[in-house]
Amino acid sequence: MASSGTNATGDGTVPQPPPSQGRLITVLSIDGGGIRGLIPATIITCLETKLQELDGPDARIADYFDVIAGTSTGALLTSMLAAPDENRRPLFAAKDLTTFYLENGPNIFPQRKVGWLTPVANLIGTMRGPKYDGVFLHDKIKSLTHDVRIADTVTNIVVPAFDVKYLQPIIFSTYEAKTDALKNAHLSDICISTSAAPTYFPAHYFTTEPAGPGDARPPREYHLVDGGVAANNPTMIAMSMLTKEVLRRNPDFNPGKPTEYRNYLVISVGTGSAKLAEKYTAPQCAKWGLIQWLYEGGFTPIIDIFSHASADMVDIHAAVLFEALHCEKNYLRIQDDSLTGHASSVDIATKENMEALIGIGKKLLKKPVARVNIDTGMYEPVAGEGTNEDALARFAKMLSDERRLRQANLNSY
């Protein structure tokens, strides 16, 4: 785990020492967005390649981040990056993420045959229950993660979901799972829950058990749906959970120092949006009733609006926070706001669309670093910071230097 000391793993790679041994706290955050997870998968592959250029072919994303946070499809990516193999190394390399989507996407989101009755069939289906039964997705997640629990991940992860019984967000955290058995859920249950987008997949129910005979608490019930209901962009949740650990006097952190957000190094990767496509207008929406808000033109407007509003509010908050602390170069948000057509859908998993999403991710790497304009909500290029790929190379150097510093400090004792 990220805080497990200096014992080498099976391939000789040493786990990341805790933040108390360095200068920074490092966070990777991945938005929700269904099949559009191919976009962040492409970005993260580029980052891991940059790290391998610096530190060798065995370098993995989980070796450099104190926390990886993910919502919905972002949580699936997070789990693949942080779940342990038999040698306590990450189960997947970043380059394997796109392959996973290409191989399994068509079965997770089986496409209906297109015909003149398709819109009617889709509308009726929306009214009768979730669009997908989730059986393949659930089985695939369980086969990947087996009995691994969140406390077992090779670095700390944070995943939001939403409890429909108690109408409150639920945040699963490796940090908390280590000290509370009732929060130490299986990775499979967490991923299934945070991916259970309303109208797309069924809600998920499971329970966790107390630690043992000495723990008199009853089992805890979870009645969960998509984490995007709470935070489609989990960046600030990750930062809040880290600050909470500082306040709890977790020995992994230097008391006081990490509560200053200028010590955070954050990469936040989105799954794209259709801002520039101007998909909906007020005159259109003014005429809609319940059915149109749930289903219109092959999309689900109410889900689109909630998820994008959630993600953008977090980005605005984080961007302003880092700018106010004069450390905006410690925060990198990579997001494409120009998706159109099938690419803006969360569940069109045809070979053509998946290849197009990978292409969007590759083009995004060549675009200039951009920050959100608070007034317009649009992303505007930042002068002098190069492309997103340039920024990832700069962040990779900072991550590599931080890791080396921690290892040197730990070995000097």
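These entries record what I looked up on one helix and a set of paired strands in a predicted model.

**Entry 1, helix H1.** I began with H1, which covers residues 38-55 and has 18 residues. From its first C-alpha to its last I noted a reach of 25 Å, close to the 26 Å expected at 1.5 Å a residue. I then asked how many residues of H1 are buried. The count is 13 of 18, and I therefore entered the helix as mostly covered, buried being under 20% relative accessible area. Just after H1 I found Gly56, which takes a positive phi of about 105 degrees.

**Entry 2, H1 against H13.** I next looked up helix H13, residues 351-366. The axes of H1 and H13 come within 8 Å and cross at roughly 45 degrees. An angle from 35 to 65 degrees is neither roughly parallel nor roughly perpendicular, so the two helices are oblique to each other. I recorded the crossing of H1 past H13 as right-handed. On the H1 side, the residues that meet H13 are Leu38, Ile39, Thr42, Ile43 and Cys46. Their partners in H13 include Met354, Leu357, Ile358, Gly361 and Leu365. In an α-helix, residues three or four places apart point the same way, because there are 3.6 residues a turn.

**Entry 3, strand E6.** I turned to E6, residues 220-225, and asked which strand 2 bridges join to E6. That strand is E3, residues 156-163, and the pair runs antiparallel. Here I located Phe162 opposite Val225 of E6. Strand E5, residues 204-208, is also antiparallel to E6, and 5 bridges join them. In this pairing I noted Arg220 of E6 as the bridge partner of Thr208.

Key:
Residues numbered from 1 in each chain as written. Predicted model: local features only at pLDDT ≥ 70, side-chain atom pairs only at ≥ 80, totals over all residues. Heavy atoms only, no water. Pairing = 2+ DSSP bridges. Helix = DSSP H or I, 4+ residues; strand = E, 2+ residues; numbered from the N terminus. Expected span 1.5 Å × (residues − 1). Buried < 20%, exposed > 50% of the residue type's maximum accessible area, 1.4 Å probe, protein only. Axes fitted to C-alpha atoms, helices over the stretch in contact; angles between N-to-C directions. Parallel < 35°, antiparallel > 145°, perpendicular 65-115°, else oblique. Left-handed = near helix turned anticlockwise from the far one by under 90°. Contact = heavy atoms within 4.5 Å.
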